[in-house]
Amino acid sequence: MMTNRIFFFAQLFKFLSRRTDSSFCKTILRRLVASRTMRPPVALSKLIKHLGSKTTRTAVIVGTVTDDMRVLEVPKLEVAALRFTEAARARITKAGGSCLTIDELIMKSPSGTPHSTPYLFHYLFSSQSMSNM
């Protein structure tokens with residue numbers, strides 16, 4: 001069962017994917033309507049690992065971003081997600097980064113930005129990467 005907020009985002013991205021030619025919106029929509037097991041929480045360490053040297057891009061996570069105490073230094077990141085834990089939000093903002101919700105990202109750029117990383121979804125949530133965890 002979808003919560004009201006996720007249902008609203010699904011309706012919004014359904015509209016945007018019809019009106020724009022953005023594959024970004026289609027990818028977000030596909031992730032929003034996925035079951036909860038396909039939207040697992042993403043630890044800060046995994047996010048840093050998969051972004052690598054591309055920390056200037058906006059990472060978009062359809063799920064929760066959680067803190068990871070094993071990471072000692074957090075680089076400056078711009079992350080858009082459905083939810084953040086308090087500790088993860090505090091560590092990202094302390095490092096000079098920014099935490100956006102999905103609706104703030106859409107207000108900023110409706111069709112996704114050239115600096116957004118929708119391919120991060122594919123790797124983080126594919127069945128192959130889930131078996132490696």
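Contact here means heavy atoms within 4.5 Å. Helices (H or I, at least four residues) and strands (E, at least two) are DSSP runs, numbered from the N terminus.

This is a predicted model, in which local features need pLDDT of at least 70, side-chain atom pairs count only at pLDDT 80 or more, and totals for chains, interfaces and linings use all residues. Residues are numbered from 1 along each chain as its sequence is written, and side-chain values use heavy atoms, with hydrogens and water left out.

## Overall layout

The chain holds seven helices and four strands. Their order along the sequence is α-α-β-α-β-β-α-β-α-α-α. The chain has 133 residues, and 46% of them count as buried (under 20% relative accessible area; exposed is over 50%, partly exposed in between; 1.4 Å probe, protein chains only). About 7800 Å² of the chain is exposed, and carbon and sulfur atoms supply 57% of that area. Accessible areas come from the Shrake-Rupley method with a 1.4 Å probe; for residues, only the protein chains shown count as cover. Take the contacts between residues at least 6 apart in sequence: 48% of them join residues at least 24 apart.

## The sheet

The four strands form an open sheet in the order 1-2-3-4, with parallel pairing. Strand 1 (42-43) and strand 4 (98-101) are the edge strands, and each pairs on one side only. Two strands pair if DSSP finds at least two bridges between them. Strands of a sheet pair through backbone hydrogen bonds, either parallel or antiparallel.

Strand 1 is joined to strand 2 by two bridges, and the two run parallel. Strand 2 pairs with strand 3 over six bridges, also in the parallel sense. Four bridges link strand 3 (residues 78-84) to strand 4, again parallel.

Individual bridge partners are listed below.

| Residue | Partner | Strand of the partner |
|---|---|---|
| Valine 42 | Valine 65 | Strand 2 |
| Isoleucine 61 | Alanine 81 | Strand 3 |
| Valine 65 | Phenylalanine 84 | Strand 3 |
| Valine 79 | Cysteine 99 | Strand 4 |
| Alanine 80 | Leucine 100 | Strand 4 |
| Alanine 81 | Threonine 101 | Strand 4 |

Valine 65 appears twice: it stands opposite valine 42 and is bridged to phenylalanine 84 in strand 3. Alanine 81 likewise faces isoleucine 61 and has threonine 101 as its partner in strand 4.

Strands 2 and 3 are mostly covered. In strand 2, eight of the nine residues are buried. In strand 3, six of the seven are buried.

## Crossovers and their helices

Strand 1, helix 3 and strand 2 make a right-handed β-α-β unit. A crossover is right-handed if, with the strands pointing away from the viewer, the path from the first strand over the helix to the second runs clockwise.

Helix 3 spans residues 44-51, and Leu44, Leu47, Ile48 and Leu51 are buried in it. These residues cover an arc of only 95° around the axis, which puts them on the same side of helix 3. The arc is that of the directions from the helix axis to the C-beta atoms. Just after helix 3, glycine 52 has a positive phi of about 60°.

Strand 3 and strand 4 pair in parallel over four bridges. Within strand 4, cysteine 99 is the bridge partner of valine 79. From strand 3 the chain crosses through helix 4 (residues 86-94) to strand 4, and this β-α-β crossover is right-handed.

Which residues of helix 4 are buried? They are Ala88, Arg91 and Ile92. Seen down the axis of helix 4, these residues fall within an arc of 95°, so they line one face of the helix. They pack against helix 3, strand 2, strand 3 and strand 4. The face turned away from this buried side carries the exposed residues Glu86 and Lys94. Glycine 96, just after helix 4, takes a positive phi of about 95°.

## Helix 2 and cysteine 25

Helix 2 (residues 23-32) lies across strand 2 (58-66) and strand 3. Helix 2 runs at about 10° to strand 2. Axes are lines fitted to C-alpha atoms, for helices over the stretch in contact, and angles run from 0 to 180 degrees between N-to-C directions.

Cysteine 25 lies in helix 2. Cysteine 25 is buried, with a relative accessible area of 0%. Where does proline 110 lie relative to cysteine 25? The two are 85 residues apart in sequence and 8.4 Å apart in space, C-alpha to C-alpha.
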